[in-house]
Amino acid sequence: MTTTVVKGPFFGIRHLQALLIFFNIVVVYLSRLNVAVSVVAMTNANTTNPNFPEYDWNEKHKSYIISSFYWGYVLTQFPGGYLSRRFGSKIVMLGSTLCSAICSLLTPFLIPIGGWKAYCAIRIVMGLAQGAMFPAIHQHLGKWSPKSERNLLGVVSHSGTDCGVVLAMGVSGLIASSSLGWPGISYISAGTCLTWCLIWFFFGYNNAPSARLITREELLYIETDLKREENFHNKDIPVPWAAIFTSVPFLSLLVVRCAQAWGYTTLQAEIPSYMAGVLNMNIKSNALFSALPYVTMWLLSYVYLIVSDIVLTKGLTTLTVLRKVCNTIALWIPAAVMVGIGFLDEEQKTLAIVLMTLNVGLNAGATIGSTLNTIDLSSNHAGVLMGITNTIANFVPIVTPLLVGVIVTNEHDRSLWQTVFIISASIFFAGNLVYILGGSAVTQPWDAPDFMRRDNVEYADDSMKAHRDEITADILKPEAIPYSLNSSRPHTVEYPNAPYKGNMYFASPSNGNSSSVEKVGNTNHAFVLEEKDDLKTILDGETKDKDENPRK
């Protein structure tokens, strides 16, 4: 027997949430990454607009300014997961973006007063605010993403990262060269953040039941798919810390996310430095070459999405296998190419650019491969899981440049760079191997809302029996059944006073002569039934059968 699943409108509120997350990432990345251009404009006004103040900051000052964002960023990843659970992801994302807007707006006013130290302080505060954002985003996606659409909503959301990088690199330079000068970079960043905050305030919702514009069909689809009962979103679900930190799938995810962070840092920062030192090609000074890898990454993220949806729709593999395959392509191929780049000489610059672009682009598969895996393991604790993994993984970009500085004592020596690439490739390979062996896309037992409250099996059985009795009493009310149930097709029995605290049941023929009722999921709104006999007879027979055969 098959039942048609009604998903609601083609573009629903769940899609709107993903689109808003996309633009959220874009605007905060603009505020985060424009510092690379603004620092140059502030210290060398002749390269942009000379009509604005210029500051005598050395390379050490610049490095402090650029890195100061991450001093705050790593501190609020873990608290961000907790705050999004405690107060809702909407308010956390709103507060994070609003604080970023304020920091951007104050930058041109505070720098003339406090110089580079003031700029560092602003960046630290901005980092503290944005550190809570991605855990909140994953908590939000966990509330809104039915399993079959998790890749779609997740990729659309996270592709804002690549779009934000591209825009920050291109738009910031244009603004600094315009009549607005380098202060204009901060003003426009603040304006985009504030605009997003205004839209998010009216159209961002913590969950489906709280969405004012959602249709009944879409609400039922989301809540039923994620097996949520009435008042689920008002419950305080304890975090099973011991279960999380002893979970093999989660620990495997943690390892691969750290490995991915190490390799991506090398792809993003060290390969361009190698090409400048060994191949005598400074691609950082060329906007096209700088943006090309991220444009490729942005486009390939949708290629991964389309192929993944086709594979899953046709049932060619499981979600677990799909995640591991995507992650393997995203990590192992770049690992091999990374080593190969280290053997190119100055006469092969074009090939080096192609390989670097391919490397960064293929790494887009890590979004489907492992980034969204936090939601697979536990949609209820996705924000906490993201907070843990991001906290630890974001220490990696701090370590990677330090190791490179120790190894590469001469930036023109190819053999030293080859050592850096081999180390990074090995970490890429080993991290993904751990994920292949221990990773999983199956929802873990500790995701259950009552996981911390389960004393024994009898507790669950008693609860089920009590719930069944409640359903039986209510479903037999004449007003609860709006039409005849005497046909063999599936029916949806909707309650006038929905949402109703209940479960979804199938009533279907059994042994040819009788019928039974089987629980298939949770819903606040409906029961799906397929009838051959009188409904009361079926429920009475099912109840009697359960009492006589308690272990059936």
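At 13% relative accessibility, Ala261 counts as buried, and that residue opens this set of exercises on a predicted model. Grab your viewer and work along.

## Exercise 1: Placing Ala261

Work out in which helix Ala261 lies and which residues touch it beyond its sequence neighbours.

**Solution.**
- Start with the secondary structure: Ala261 lies in helix H12.
- Next, compare the accessibility with the cut-off. Buried means under 20% relative accessible area, so Ala261, at 13%, counts as buried.
- Now look for partners. With neighbours within four places in sequence set aside, Ala261 is in contact with Ala393 and Val396.
- Finally, check a long-range distance: Ala261 and Asn394 are 133 residues apart along the chain, yet their C-alpha atoms are separated by 7.3 Å.

## Exercise 2: Three more residues

Decide for Ser247, Tyr187 and Gly95 whether each is buried or partly exposed.

**Solution.**
- Ser247 is found in the loop between helix H11 (241-245) and helix H12 (248-277). Its relative accessible area is 4%, so Ser247 is buried. Not counting residues up to four places away in sequence, Ser247 touches Gln444 and Trp446.
- Tyr187 sits in helix H9 (residues 181-203). A relative accessible area of 36% makes Tyr187 partly exposed. Beyond residues up to four places away in sequence, Tyr187 touches Leu105, Pro108 and Phe109. For Leu105, the C-alpha separation from Tyr187 is 5.6 Å, with their positions 82 residues apart along the chain.
- Gly95 belongs to helix H5 (residues 89-131). With 36% relative accessibility, Gly95 counts as partly exposed. Gly95 and Met133 are 38 residues apart in sequence and 9.1 Å apart in space, C-alpha to C-alpha.

## Exercise 3: H14 against H15

Find how H14 and H15 are oriented to each other, and what classes of residue make their contact.

**Solution.**
- Two packed helices are described by the angle between their axes and the distance between the axes.
- Helix H14 (residues 319-341) and H15 pack at an angle of about 160°, and their axes are 8 Å apart.
- Angles over 145 degrees count as roughly antiparallel, so H14 and H15 are roughly antiparallel to each other.
- The crossing of H14 and H15 is left-handed.
- On the H14 side, the contact is made by Ile329, Ala330, Ile333, Pro334, Val337, Met338 and Ile341, and on the H15 side by Leu355, Met356, Asn359 and Leu362.
- Sorted by class, the contact of H14 with H15 has ten nonpolar, one polar and no charged residues.
- As a check on H15 itself, its buried residues include Leu355, Met356, Asn359 and Leu362. Helix H15 (residues 349-362) reaches 20 Å from its first C-alpha to its last, close to the 20 Å expected for its 14 residues.

## Exercise 4: H6 against H18

Repeat the analysis for H6 and H18, including which way the crossing is turned: left-handed or right-handed.

**Solution.**
- Helix H6 (residues 133-144) and helix H18 (residues 382-393) pack at an angle of about 150°, with axes 7 Å apart.
- H6 and H18 are therefore roughly antiparallel to each other.
- Their crossing is right-handed.
- Phe134, Pro135, His138 and Gln139 in H6 meet Ala382, Gly383, Val384, Met386, Gly387 and Asn390 in H18.
- By class, the contact of H6 with H18 has five nonpolar, five polar and no charged residues.

## Exercise 5: H1 against H5

Determine whether H1 and H5 run roughly parallel or roughly antiparallel, and list the residues of their contact.

**Solution.**
- Helix H1 (residues 13-33) and H5 pack at an angle of about 10°, with their axes 10 Å apart.
- Angles under 35 degrees count as roughly parallel, so H1 and H5 are roughly parallel to each other.
- Ile21, Asn24, Val27, Val28, Ser31 and Arg32 of H1 make the contact with Met93, Thr97, Ser100, Ser104, Arg123, Met126 and Gln130 of H5.
- The residues of the contact of H1 with H5 divide into five nonpolar, six polar and two charged.

## Exercise 6: The whole chain

Describe the protein by its secondary structure, burial and contacts.

**Solution.**
- The protein has 22 helices and four strands.
- Of its 552 residues, 53% count as buried.
- Among contacts with a separation of 6 or more, 80% come from residues 24 or more positions apart.

Terms used. Residues numbered from 1 in each chain as written. Predicted model: local features only at pLDDT ≥ 70, side-chain atom pairs only at ≥ 80, totals over all residues. Heavy atoms only, no water. Helix = DSSP H or I, 4+ residues; strand = E, 2+ residues; numbered from the N terminus. Expected span 1.5 Å × (residues − 1). Buried < 20%, exposed > 50% of the residue type's maximum accessible area, 1.4 Å probe, protein only. Axes fitted to C-alpha atoms, helices over the stretch in contact; angles between N-to-C directions. Parallel < 35°, antiparallel > 145°, perpendicular 65-115°, else oblique. Left-handed = near helix turned anticlockwise from the far one by under 90°. Contact = heavy atoms within 4.5 Å. Nonpolar A, V, L, I, M, F, W, Y, C, P; charged D, E, K, R; others polar.
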